[in-house]
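Colleague: Please take a close look at the aromatic rings in this structure and at what lies around them. A connected account suited to a first-year student would be welcome.

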Amino acid sequence: MVWARENYLTFLDRQSSSEAVDPGRFVAVASLPVNSLDPRSIVLTSNGADAIVLSSVAATAWEGHMILPPSVRVVERWNLATRARIWSRTLPPMPNVQTGAGSTQNDDLLTLSPRGLFATRCMPTNARSQTNCHVVALDERTGALGTAEAWSFTDFGFSWYNHGYQEVSPGRRYTLVGQYPHSGSHHFLVFDDVGRIVGRVVASCARFAEGGSEERPSILIDEQSQLSADVAVSQRFRLIKDASACQLQQHLTDARKYKRTNDFYPVTSQFNWIGGGHRIVWSSETQRVGAQVELPKAYSMDVGRSSLPAPLPPPPGAADTHVLFAGSGSDLYAYTKEKIFHLEDTGFVFDSAKTGQGVIFSRDNEALMATYAGLDASKYVLSLGKRRPDKPGFTWQKISAVSQFRPDFVTFENAGRPQMLIAGGKQGLQWVDTRTGQVFLRSCAPGAPSPNRCNDPRAQNDYRGLVLSSARRTAFTMHLKDSSIRYNHSFEEIDLSTGNVWRSFPAPDWATNYPLDLPMGWLEKERRFWIVGNDFLPKQSGASVTIVTLPATDGAEPHYESFTTLSRQDNFGADPEGRFFVFGRDLDTIDVFAPNGVLVLTMGVRGDGAFAQAGDGRFACTGKACDEFRCVVGNVARLATDPACAALRVEGFSIVDELARAAGKASRSQ
């Protein structure tokens with residue numbers, strides 16, 4: 001079993017010689033869509049048809065503010081052929097966690113034997129060489145909880161958390177688990193058939209031998225292991241030095257090499273969303289860790305047409321130049337060191353503006369260019385873009401507004417004068433006269449709007465994200481009142497003409513020390529808007545989309561719904577019409593989500609090919625992308641070119657059609 005963000009939970013098997021499609025290599029048997037879980041331990045049923053998975057889940061909730069409880073453990077049973085979940089059960093808290101726990105993370109193991117299904121959790125304590133353990137019985141068919149047992153293991157303190165542990169071999173009476181480092185040596189733990197620890201084996205690699213006694217099974221260890229270190233278990237197990245003991249380890253190495261999950265220099269992609277409503281456009285900078293960065297590439301896919309991602313051409317004369325992409329929809333720009341190019345349907349056209357690299361946000365006939373400066377707290381200098389009918393793209397005018405974060409903006413008219421409102425962090429809300437480019441009003445909370453700069457370092461004036469009302473009289477924004485106080489943020493409706501606050505209600509508490517832009521947009525005008533943040537620790541890089549349904553009456557609180565992804569928040573894009581969300585993942589792959597959080601399509605590029613795949617197994621691929629695809633027919637994984645895959649293979653996907661299909665399934669389930 002391999003857990004990877006690009007393939008979720010994938011089950012691999014060595015291909016049998018009778019199939020002879022790809023002899024000697026591991027192939028994907030099934031990939032389960034458990035994208036919101038972190039698998040910790042996995043067992044297969046005796047017939048190999050189902051997988052039982054113990055996972056860690058961060059169960060965030062909204063109760064007037066964002067609740068971030070400790071992660072919980074969930075056990076689920078999945079059918080590999082249908083990729084459907086049969087049952088799900090949340091385990092109760094460990095009863096002995098409070099007795100001197102030395103860590104907030106516990107280790108997990110599932111045991112499936114003729115005596116039943118058991119979930120074992122162990123946690124090291126502050127006491128020397130002591131570990132608290134807890135085992136819970138579950139019904140294999142229904143997941144119902146049974147009896148529980150708690151005990152302490154005092155042989156030595158151990159923890160295989162974050163050491164890439166794996167189940168090496170399941171036995172009828174015993175399970176061998178490892179390996180984890182302890183005091184400079186590698187150890188394997190031995191569990192009995194009800195999930196209790198019965199000993200440890202000191203070895204570089206170890207596995208049960210085929211056959212052997214039920215009461216005293218043989219464990220093969222590598223030839224370099226010292227038997228004197230395993231005296232404690234030698235009476236119960238026969239330890240045999242064997243040159244083939246590492247064979248299983250070698251098999252796993254082959255699998256990782258084939259799936260590229262353990263490459264010392266893994267391939268990664270940094271995404272820059274530049275999409276629009278009628279097509280998805282993104283660019284990615286693909287590189288290997290520690291290797292030279294390749295030039296960024298851009299790709300496009302029509303939202304309504306059945307197609308696959310296609311590459312966009314680089315600007316002319318930029319073959320040996322570092323290129324960066326920015327823009328939105330058809331307003332796609334490419335930056336080089338000296339020039340900025342504008343992309344039209346017919347190719348790149350040189351635009352007269354020359355500026356440093358940045359990002360561009362366009363809405364109808366106006367745009368905002370944010371160029372990174374990094375000189376003070378206001379890291380972005382801003383330029384206003386306006387369309388001219390006799391010239392492609394925008395003409396640019398520098399304005400006096402600045403921004404700490406990548407900004408958001410809305411344009412409107414007030415008393416016949418065109419104006420712009422900008423939200424960009426600690427510079428407050430900034431009103432700009434678009435004829436002159438000058439800031440004439442700021443809102444630096446607390447206090448009334450003022451023409452003066454927000455210079456008071458104690459002032460709480462951090463605004464991010466904007467959505468404009470239909471009447472173009474008000475706009476909603478997120479106000480971070482004091483980042484040092486949790487649950488102290490709010491959504492505010494601002495009067496565009498005066499800057500006064502019409503109404504305010506509580507907002508989720510995101511980790512705002514992480515540099516979030518918190519973009520916003522409408523799902524339904526005047527009723528529902530979305531906002532993207534990050535309610536995990538920065539190192540976990542999990543993005544969260546929150547749907548805010550405005551209250552029907554004054555004084556009432558809004559309704560919040562959220563879903564999370566494995567992608568980073570800065571790899572996010574949204575359809576201007578509120579039909580879908582897009583998140584970029586590693587290896588030039590992006591996910592398309594419906595507004596209810598359902599993943600409707602995964603697509604991307606590999607070498608000279610492209611691919612897309614829906615949740616029900618339908619797929620399309622071209623070129624080298626087909627080399628990585630397997631369709632699952634029954635319980636057999638086959639190459640994408642196999643005739644058995646013909647029923648699942650299509651020419652391409654329409655994102656609009658897939659969203660409609662997902663919406664239809666949701667309505668039928670209700």
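Modeller: I begin with a charge placed over a ring: the charged end of R363 sits over the ring of F409, at 4.9 Å from the centre of that ring. The model is a predicted one. A second arrangement of this kind involves R464, which lies over the face of F405, 3.7 Å from the ring centre.

Rings also pair with one another, and the structure holds 15 aromatic pairs. One of them is formed by Y333 and W396; it is edge-to-face, with 6.2 Å from centre to centre and 70° between the planes. The term edge-to-face applies here because the planes are over 60 degrees apart. Y333 belongs to strand β26 (residues 331-335) and W396 to strand β32 (residues 391-403), so the pair ties together parts that are 63 residues apart in sequence. Both Y333 and W396 are buried.

Aromatic residues may also gather in a group. F476, F491, F505, W522, F529 and Y560 make up one aromatic cluster.

For the setting, an open sheet may be added. Six strands form this sheet in the order β45-β46-β47-β48-β49-β50, with antiparallel pairing. The edges are taken by β45 (572-574) and β50 (619-621); each has a single partner strand, so one side of each is left without a neighbour in the sheet. On average, neighbouring strands of the sheet are turned by 15° against each other, direction ignored. Within the sheet, strand β46 (residues 581-585) pairs with strand β47 (residues 589-593) in the antiparallel sense over five bridges. Opposite G584 stands I590 in β47.

Notes. Residues numbered from 1 in each chain as written. Predicted model: local features only at pLDDT ≥ 70, side-chain atom pairs only at ≥ 80, totals over all residues. Heavy atoms only, no water. Pairing = 2+ DSSP bridges. Helix = DSSP H or I, 4+ residues; strand = E, 2+ residues; numbered from the N terminus. Axes fitted to C-alpha atoms, helices over the stretch in contact; angles between N-to-C directions. Phe/Tyr/Trp six-rings, centres within 6.5 Å; stacked < 30°, edge-to-face > 60°. Buried < 20%, exposed > 50% of the residue type's maximum accessible area, 1.4 Å probe, protein only. Lys NZ or Arg CZ within 6 Å of the ring centre and 35° of its normal.
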